[in-house]
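Open your viewer, get your selection tool ready, and let's take a walk through this model together. Each stop tells you what to select next and what you will find there.

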Amino acid sequence: AVVSTQSTGLSGKKLTGYADKKTYTSRKNAFKACKASTACKGVTKEGTNKFRINSSTTTTVVSGYKAWTKGSATKVSNNYIWTPKAKYQLGTPGKTVYKTKALAAAACAKSSTCTGYTKYG
């Protein structure tokens with residue numbers, strides 16, 4: 001698994017729990033440490049030149065912070081972290097079914113309440 005390469009991260013979000021007690025002075029070094037750690041689930045920028053590696057993908061809202069999650073399948077939609085599963089539906093099962101991942105992603109991006117989609121089947 002690798003840390004998401006999305007350069008913008010999740011603005012105003014912090015991942016909970018620390019994977020170690022260190023503070024890193026660059027995102028690059030924090031990403032390297034996260035990649036090497038089995039306990040690390042992501043990285044949070046907590047201030048200028050202050051990055052921490054985190055033990056959870058659960059987020060909390062913190063102004064001025066940014067978060068990135070570990071894992072190549074992680075996506076960001078409407079400032080939420082989610083992981084694609086394997087028919088695609090937004091929100092509650094039984095609603096509109098999309099034939100492709102691209103159609104589901106486009107519908108999600110247009111919706112102000114969508115936090116991701118799920119592939120069923």
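## First stop: Thr-58

Select Thr-58: setting aside residues up to four places away in sequence, Thr-58 touches Lys-14, Leu-15 and Thr-16, where contact means heavy atoms within 4.5 Å. Thr-58 sits in the loop between strands S3 and S4; helices (H or I, at least four residues) and strands (E, at least two) are DSSP runs, numbered from the N terminus. With a relative accessibility of 46%, Thr-58 counts as partly exposed. For that scale, buried means under 20% relative accessible area, exposed over 50%, and partly exposed in between (1.4 Å probe, protein chains only). Now draw a distance from Thr-58 to Thr-69: their C-alpha atoms are separated by 9.7 Å, with the two positions 11 residues apart along the chain.

Before moving on, please keep in mind that this is a predicted model, in which local features need pLDDT of at least 70 and side-chain atom pairs count only at pLDDT 80 or more, while totals for chains, interfaces and linings use all residues. Residues are numbered from 1 along each chain as its sequence is written, and side-chain values use heavy atoms, with hydrogens and water left out.

## Zoom out: the whole chain

Switch to a cartoon view. The chain has 2 helices and 9 strands, and from the N terminus on they follow the order β-α-β-β-β-β-β-β-β-α-β. Colour by accessibility, and 36% of the 121 residues count as buried.

## The strands around S4

Select strand S4, residues 59-69, together with S1: the two pair in the antiparallel sense over 5 bridges, pairing being called if DSSP finds at least two bridges between two strands. To see one of these bridges, pick Ser-11, whose partner in S4 is Lys-66.

Next add S2, which pairs with S4 in the antiparallel sense over 4 bridges. Here Gly-42 has Thr-69 of S4 as its bridge partner. You have met that threonine already, as the far end of the distance drawn from Thr-58.

## Charged side chains

Which residue does Lys-14 form a salt bridge with? Show side chains and you will find Glu-46, with the closest N and O atoms 3.9 Å apart; a salt bridge is a side-chain nitrogen of Lys or Arg within 4 Å of a carboxyl oxygen of Asp or Glu. Lys-14 lies in S1 (residues 10-15) and Glu-46 in S2 (residues 42-47), so the pair ties together parts that are 32 residues apart in sequence.

Stay on Glu-46, which is buried at a relative accessible area of 11%. Glu-46 also forms a salt bridge with Lys-50, again with 3.9 Å between the closest N and O atoms. Lys-50 is partly exposed, at 35% relative accessible area. Through shared partners, Lys-14, Glu-46 and Lys-50 are joined into one network. The structure holds 2 salt bridges.

## Helix H1 and the core

Now select H1. Buried or exposed: which are Ala-30, Phe-31, Ala-33 and Cys-34? They are the buried residues of H1. Looking down the axis of H1, you will see them fall within an arc of 165°, so they line one face of the helix; the arc is that of the directions from the helix axis to the C-beta atoms. The face turned away from this buried side carries the exposed residues Lys-28, Lys-32, Lys-35 and Ala-36.

The buried residues of H1 pack against S2, S3 and S4. Click Ala-33 for a closer look: leaving aside neighbours within four places in sequence, Ala-33 is in contact with Tyr-24 and Ile-53.

Extend the selection to the largest nonpolar core, made of Tyr-24, Ala-30, Phe-31, Ala-33, Cys-34, Cys-40, Val-43, Phe-51, Ile-53 and Trp-68, 10 residues. A nonpolar core is a set of buried Ala, Val, Leu, Ile, Met, Phe, Trp, Tyr and Cys residues joined through side-chain atoms within 4.5 Å. Helix H1 (27-36) and strand S3 (50-54) are the elements that give two or more residues to this core, and H1 provides the largest share, 4 residues.

## The disulfide

Select Cys-34 and Cys-40, which form a disulfide with their sulfur atoms 2.0 Å apart, the cut-off for a pair of cysteine sulfur atoms being within 2.5 Å. Both Cys-34 and Cys-40 are buried. Their link is left-handed, with -95° about the S-S bond. A search of the whole structure finds 1 disulfide.

## Last stop: helix H2

Finish at H2, residues 101-110, where Ala-104, Ala-107 and Cys-108 are buried. They cover an arc of only 100° around the axis, which puts them on the same side of H2. Rotate to the other side of H2, and you will find Ala-102, Ala-109 and Lys-110 exposed.
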